[in-house]
Amino acid sequence: MRQVTVTEHLLVHQRESDMATGRFTRLLNEIILSAKLISRDVTKAGLLNILGKTGEVNIQGEEVRKMDDYANRVLIHRLERAGVLCAMASEENADLIEIPETFPVGDYFLAFDPLDGSANIDANVSIGTIFGIYRRKGGTGRSVTLGEVLQRGAEQVAAGYVIYGSSTMLVYTAGNGVNGFTLDPSVGEFLLSHPNIRIPEEGRIYSVNEGYWDFWDEATQEAVQYFKSPNNHNGKVYSMRYIGSLVSDFHRNLLYGGIFLYPRDNRDPKKKHGKLRYLVEAAPMAMIAEQAGGMAIDGHRRILDIEPQEIHERVPLIVGSKNEVLKVQEIYARHAEAAR
Ligand code: FBP
């Protein structure tokens with residue numbers, strides 16, 4: 001089989017779309033180079049002094065891991081000099097990341113989670129980088145306001161993730177289907193390995209942290225109970241799989257069929273809307289899921305229709321195979337109706 005590199009695939013895509021300026025390809029190429037640099041160090045993290053914590057606490061109130069910090073600095077360093085961005089937003093940075101005076105600005109806005117699931121890195125469990133790309137929706141010049149960049153996930157021109165697992169893979173969509181590329185370290189190239197990924201409409205896996213059962217509302221408990229009981233429309237229990245890194249749980253369900261849930265819970269008032277961040281986690285995964293034939297909701301609303309007001313806004317995320325997500329939506333709607 002002729003090996004297709006991600007850059008070739010991008011160029012073919014570029015010719016077909018209005019994003020034929022080369023700027024989009026340049027932007028994605030910088031994300032790809034960053035992923036190669038991060039992958040190189042993740043795969044030998046135990047040998048480099050990059051396991052453990054930095055001692056700092058990020059805007060999420062989480063202890064920053066050295067690998068998180070490293071990945072964040074690699075992405076900012078590569079992308080700020082790409083000349084195609086007006087600003088960036090990172091899970092690790094409290095505010096918008098502006099482009100330094102020394103580099104040209106562009107009209108794309110990049111939102112990213114530099115290393116998702118980082119709590120798993122010290123245990124050698126697969127983790128990932130998640131990104132969403134938007135066009136600036138107003139204003140020009142170097143100083144950018146939140147209003148010019150924060151927008152519904154449906155406005156993303158592209159979204160993707162890199163998973164650092166047994167192999168390093170890039171999975172992305174630019175609104176024209178979802179494709180997966182595997183990094184061949186011997187040639188340093190991401191090669192097309194999973195063309196036109198479609199998520200099975202019917203799943204057989206559910207992924208949720210059931211440790212939070214007592215903190216869930218009745219609708220969520222009924223939804224999860226549905227997948228555990230043989231009395232569901234499938235007449236068989238689903239397999240429970242939960243790695244605890246969104247990228248890994250999402251990727252498995254994308255290929256095998258299944259549903260991932262990170263619902264809201266009442267453990268912590270700050271997280272009453274769930275733990276996952278809209279801009280850097282939920283919206284990119286929602287675009288990929290929909291482009292692969294799946295669905296993504298917050299229990300009621302389509303994730304991509306939600307208009308974020310803050311960079312670090314959290315949202316419940318229920319994403320995966322269409323039939324399972326529709327079932328959860330139906331259960332939530334019935335409970336909302338009963339509560340009216
Ligand atoms: P980070 O991006 O800070 O790593 O957090 C997100 C995450 O690790 C997801 O990858 C994962 O799905 C979830 O949090 C696990 O949370 P919990 O430990 O509460 O189940």
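**View 1. Asp113 meets the ligand.** In this predicted model, the side chain of Asp113 puts an N or O atom 2.9 Å from an oxygen atom of the ligand. Zoom in on that pair to begin your tour of the binding site.

**View 2. Tyr212 and Glu281 also reach ligand oxygens.** Look at Tyr212 here: one of its polar side-chain atoms sits 2.6 Å from an oxygen atom of the ligand. For Glu281, the gap between a side-chain N or O atom and an oxygen atom of the ligand is 3.1 Å. How much of the ligand does the protein bury? On its own the ligand would expose 470 Å², and the protein buries 88% of that.

**View 3. The ligand and its closest neighbours.** There are 18 residues around the ligand, and the ones that come nearest are Gly117, Tyr212, Tyr242, Leu246 and Tyr262. As for character, the shell is a mix: seven charged residues, six nonpolar and five polar.

**View 4. Where the shell comes from.** Which strands each give at least two residues to the shell around the ligand? They include strand E5 (108-116) and strand E13 (259-262). Pull back a bit and you'll find both domains taking part: domain 1 (6-194) and domain 2 (205-339) each contribute at least three residues to the shell.

**View 5. The pocket itself.** Now picture the protein with the ligand's space left open: that space is the largest pocket.

Definitions and conventions: Residues are numbered from 1 along each chain as its sequence is written. This is a predicted model: local features need pLDDT of at least 70, side-chain atom pairs count only at pLDDT 80 or more; totals for chains, interfaces and linings use all residues. Side-chain values use heavy atoms; hydrogens and water are left out. A residue is near a molecule or strand if one of its heavy atoms lies within 4 Å of it. A polar contact is a pair of N or O atoms within 3.5 Å; within protein, one must be able to donate a hydrogen and the other to accept it, and residues adjacent in sequence count only if both atoms are side-chain atoms. Accessible areas come from the Shrake-Rupley method with a 1.4 Å probe; for residues, only the protein chains shown count as cover. On a 1 Å grid over the protein atoms alone, a cavity is a set of points where a 1.4 Å probe fits but cannot get out, and a pocket is an open set with protein on both sides within 12 Å along at least five of seven lines; lining residues have an atom within 4 Å of a point. A molecule sits in a cavity or pocket if more than half of its atoms lie within 2 Å of its grid points. Helices (H or I, at least four residues) and strands (E, at least two) are DSSP runs, numbered from the N terminus. Ala, Val, Leu, Ile, Met, Phe, Trp, Tyr, Cys and Pro count as nonpolar, Asp, Glu, Lys and Arg as charged, and the others, Gly among them, as polar. Domain bounds come from an automatic or database domain assignment.
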